[in-house]
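The following exercises are to be worked with the sequence and the coordinates at hand. Each task is followed by a solution in steps.

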Amino acid sequence: MFKRIHFTFTTTADKALASLDQVVAANPGFGLAIDASGRIKLFRNQGFALLNGFFPVFVGRFGATANGAQLEGGFRFHLLAIGLFAGFVGTSAFSLIDLLRSPPPAADIPVDWKSQRIRFEMQFMLFAMLSAFFAWLAGKPMRDRITAMIAEATRRTATEKSGSG
């Protein structure tokens with residue numbers, strides 16, 4: 001998730017982007033987007049975002065090198081999936097903090113009520129984090145497929161440059 005990946009193209013960033021666009025267009029179900037700051041996003045483009053939000057998204061940026069261009073980036077979840085997990089863990093964490101700061105329960109509530117509730121909140125946060133971890137592991141085939149598409153684009157630019165040179 002935090003690993004940076006580098007792809008070296010033997011041509012300019014514009015031509016590398018055009019090659020990458022061709023490769024993505026040839027693979028149905030995938031999309032390529034460029035935001036205003038020049039970040040490139042490769043993602044699975046099928047269905048509602050929450051349904052495929054746990055598929056990895058490659059986010060990178062082109063930089064110039066001496067021999068062409070380099071695409072540097074990494075994988076992450078879709079922003080809606082990140083927000084969903086952050087909401088679950090954040091709500092549970094705030095509830096846990098509130099429980100720890102609250103006064104002792106009234107006399108008619110069981111003595112171990114607070115400890116049971118604290119245990120529940122901690123288990124819920126652990127479950128949410130484990131779910132994210134297993135979703136990340138399940139996304140490996142999709143990360144491999146996106147990586148292969150980028151590698152194919154680098155091969156195409158190398159072939160075009162050697163064929164025209």
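**Exercise 1. Pro-141**

Task: State in which helix Pro-141 has its place, and decide whether Pro-141 is buried or exposed.

Solution. The model is a predicted one.
Step 1. Pro-141 belongs to helix α5, which comprises residues 140–164.
Step 2. The relative accessible area of Pro-141 is 56%, so the residue is classed as exposed; the cut-off for that class is over 50%.
Step 3. Along the sequence, Pro-141 and Phe-55 are 86 residues apart, yet their C-alpha atoms lie 9.5 Å apart in space.

**Exercise 2. Ala-148**

Task: Assign Ala-148 to a class of accessibility and give the separation of its C-alpha atom from that of Phe-88.

Solution.
Step 1. Ala-148 is also found in helix α5.
Step 2. Because its relative accessible area is 41%, Ala-148 is partly exposed.
Step 3. Ala-148 and Phe-88 are 60 residues apart along the chain, and 33 Å separates their C-alpha atoms.

**Exercise 3. The packing of α3 and α4**

Task: Determine how helix α3 and helix α4 are oriented to each other, and which residues make the contact.

Solution.
Step 1. Helix α3 covers residues 79–101 and helix α4 residues 113–138; they pack at an angle of about 160°, and their axes are 9 Å apart.
Step 2. The two helices are therefore roughly antiparallel, an angle over 145 degrees being required for that description.
Step 3. The crossing of the pair is left-handed.
Step 4. On the α3 side, the contact residues include Phe-85, Phe-88, Val-89 and Leu-100. On the α4 side, they include Trp-113, Arg-117, Met-122 and Phe-124.
Step 5. By character, the residues of this contact comprise 15 nonpolar, three polar and three charged.

**Exercise 4. Length and buried residues of the two helices**

Task: Compare the span of α3 with its expected value, do likewise for α4, and list the buried residues of α3 and of α4.

Solution.
Step 1. For α3, with 23 residues, 1.5 Å a residue predicts 33 Å; the end C-alpha atoms are 32 Å apart, which agrees.
Step 2. For α4, with 26 residues, the expected value is 38 Å, and the 37 Å from first to last C-alpha is close to it.
Step 3. Buried in α3 are Ala-81, Phe-85, Ser-92, Leu-96 and Leu-99. The buried residues of α3 pack against α4.
Step 4. In α4, the buried residues are Lys-114, Ile-118, Glu-121, Met-125, Ala-128, Ala-132, Ala-135 and Trp-136.
Step 5. An α-helix has 3.6 residues a turn, so residues three or four places apart point the same way.

**Exercise 5. Ile-82 and Arg-119**

Task: Classify Ile-82 and Arg-119 by accessibility, and state which residues Ile-82 touches, not counting those up to four places away in sequence.

Solution.
Step 1. Ile-82 lies in α3; its relative accessibility is 35%, so it counts as partly exposed.
Step 2. Leaving out residues up to four places away in sequence, Ile-82 touches Arg-76 and Phe-77.
Step 3. Leu-71 is eleven residues from Ile-82 in sequence, with 24 Å between the C-alpha atoms.
Step 4. Arg-119 has its place in α4, and a relative accessibility of 48% makes it partly exposed.
Step 5. From Arg-119 to Ala-18 there are 101 residues in sequence and 53 Å in space, C-alpha to C-alpha.

Notes:
Residues are numbered from 1 along each chain as its sequence is written. This is a predicted model: local features need pLDDT of at least 70, side-chain atom pairs count only at pLDDT 80 or more; totals for chains, interfaces and linings use all residues. Side-chain values use heavy atoms; hydrogens and water are left out. Axes are lines fitted to C-alpha atoms, for helices over the stretch in contact, and angles run from 0 to 180 degrees between N-to-C directions. Helices (H or I, at least four residues) and strands (E, at least two) are DSSP runs, numbered from the N terminus. Angles under 35 degrees count as roughly parallel, over 145 as roughly antiparallel, 65 to 115 as roughly perpendicular and the rest as oblique. A crossing is left-handed if the near helix is turned anticlockwise from the far one by less than a right angle, and right-handed if clockwise. Contact means heavy atoms within 4.5 Å. Ala, Val, Leu, Ile, Met, Phe, Trp, Tyr, Cys and Pro count as nonpolar, Asp, Glu, Lys and Arg as charged, and the others, Gly among them, as polar. The expected span of a helix is 1.5 Å times one less than its number of residues. Buried means under 20% relative accessible area, exposed over 50%, partly exposed in between (1.4 Å probe, protein chains only).
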